[in-house]
Amino acid sequence: MANRGPSYGMSAEVAKSMAAKYDSALEKSVIAWVNEQTGSSIGEGKDAVHEGLKDGQVLCQLANKLQPGVVKKVNSSKMAFKCMENINAFLDACCDQFGMARSNVFQTVDLYEAQNMAQVLNTIDFLKTGKGGINSHAGAKLNSDATVLPQHTSGYTGGANQKGQNFGLGRQLVTKTE
């Protein structure tokens, strides 16, 4: 975790706001479900949850439990970039396979550096309850009509064209008489 030192002003207010969003009851519910699904033993408390999920291996196991083979490679190394690859693989599975919106998932640094653990719990809760866009844990997507484009993006112009438009002084054709 990066040593950032104390924050002041707006940064302090944001940090205080994010810390206030952390819900211990949600943590108990989510971690109990993760432990049940993966067979892991993540403890209670913000620091224990961070340490248990930081390397991304448990999250990858969870994604593979919900839909086998969705995360192809789980890195067992504790090196920072390998842990972040695991976290990114889980986030990609959430968005691509489970139909969650990118706005509903946490960012890699939120977990790896414990910057926003409340959002980490919310993402896992979305996955658990199906609010993130999945109907069941088999990966069926709810938003099946996502390929239907609105009329204004499908090329219809309503008959509008550029005929007759004249910006500024139009082109002047002068015939030379000598």
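**Close-up 1. Phe-90 and Phe-106 form an aromatic pair.** A residue counts as buried when its relative accessible area is under 20%. Phe-106, at 2% relative accessibility, is therefore buried. Its partner Phe-90 is buried too, with a relative accessible area of 0%. This is a predicted model, and it holds 1 aromatic pair. The ring centres of Phe-90 and Phe-106 are 6.4 Å apart and the ring planes meet at 25°, so the pair is stacked. The two partners come from distant parts of the chain, 16 residues apart: Phe-90 belongs to helix H5, while Phe-106 sits in the loop between H5 and H6.

**Close-up 2. Here is the largest nonpolar core, made of 36 residues.** Welcome to the inside of the model. Leu-53, Phe-90 and Ile-124 are the core residues that touch the most other members. Two or more residues each come from H2, helix H3 (46-53), helix H4 (57-66), helix H5 (80-97), helix H6 (108-112) and helix H7 (117-129). The biggest share is that of H5, which gives 7 residues. As background, nonpolar side chains tend to be buried together in soluble globular proteins. To get a feel for the packing, start from Ile-124: leaving aside residues up to four places away in sequence, Ile-124 touches Val-30, Trp-33, Val-34, Leu-53, Leu-59 and Leu-62.

**Close-up 3. Helix H3 has buried residues on one face.** Look for Val-49, His-50 and Leu-53, the buried residues of H3. Viewed down the helix axis, these buried residues fall within an arc of 100°, so they line one face of H3. In an α-helix there are 3.6 residues a turn, so residues three or four places apart point the same way. The neighbours that the buried residues of H3 pack against are H2, H4, H6 and H7. Turn to the other side of H3 and you will find Asp-47 and Glu-51, which are exposed.

**Close-up 4. Asn-35 reaches the backbone of Ile-42.** Asn-35 is part of helix H2, which spans residues 24-38. With 17% relative accessibility, Asn-35 counts as buried. A polar atom of the Asn-35 side chain lies 3.0 Å from the backbone nitrogen of Ile-42. Beyond residues up to four places away in sequence, Asn-35 touches Ser-40, Ser-41 and Ile-42.

**Close-up 5. Two lysines lie over tyrosine rings.** In one place, Lys-46 holds its charged end over the ring of Tyr-22, at 5.2 Å from the ring centre. In the other, Lys-54 lies over the face of Tyr-112, 4.9 Å from the centre of that ring.

**Close-up 6. The loop between H6 and H7 includes Ala-114 and Gln-115.** Ala-114 is worth a pause: this residue has a positive phi of about 55°, although it is not a glycine. Its relative accessible area is 24%, and Ala-114 is partly exposed. Gln-115, at 30% relative accessibility, also counts as partly exposed. The side chains of Gln-115 and Glu-113 are joined by a polar contact of 3.0 Å. Finally, follow Gln-115 across to Met-18: they are 97 residues apart along the chain, yet 8.4 Å separates their C-alpha atoms.

Technical notes. Residues are numbered from 1 along each chain as its sequence is written. This is a predicted model: local features need pLDDT of at least 70, side-chain atom pairs count only at pLDDT 80 or more; totals for chains, interfaces and linings use all residues. Side-chain values use heavy atoms; hydrogens and water are left out. Helices (H or I, at least four residues) and strands (E, at least two) are DSSP runs, numbered from the N terminus. Buried means under 20% relative accessible area, exposed over 50%, partly exposed in between (1.4 Å probe, protein chains only). A polar contact is a pair of N or O atoms within 3.5 Å; within protein, one must be able to donate a hydrogen and the other to accept it, and residues adjacent in sequence count only if both atoms are side-chain atoms. Contact means heavy atoms within 4.5 Å. A nonpolar core is a set of buried Ala, Val, Leu, Ile, Met, Phe, Trp, Tyr and Cys residues joined through side-chain atoms within 4.5 Å. The arc is that of the directions from the helix axis to the C-beta atoms. Rings of Phe, Tyr and Trp (its six-membered ring) pair if their centres lie within 6.5 Å; planes under 30 degrees apart count as stacked, over 60 as edge-to-face and the rest as tilted. A charge sits over a ring if NZ of Lys or CZ of Arg is within 6 Å of the ring centre and within 35 degrees of the ring normal.
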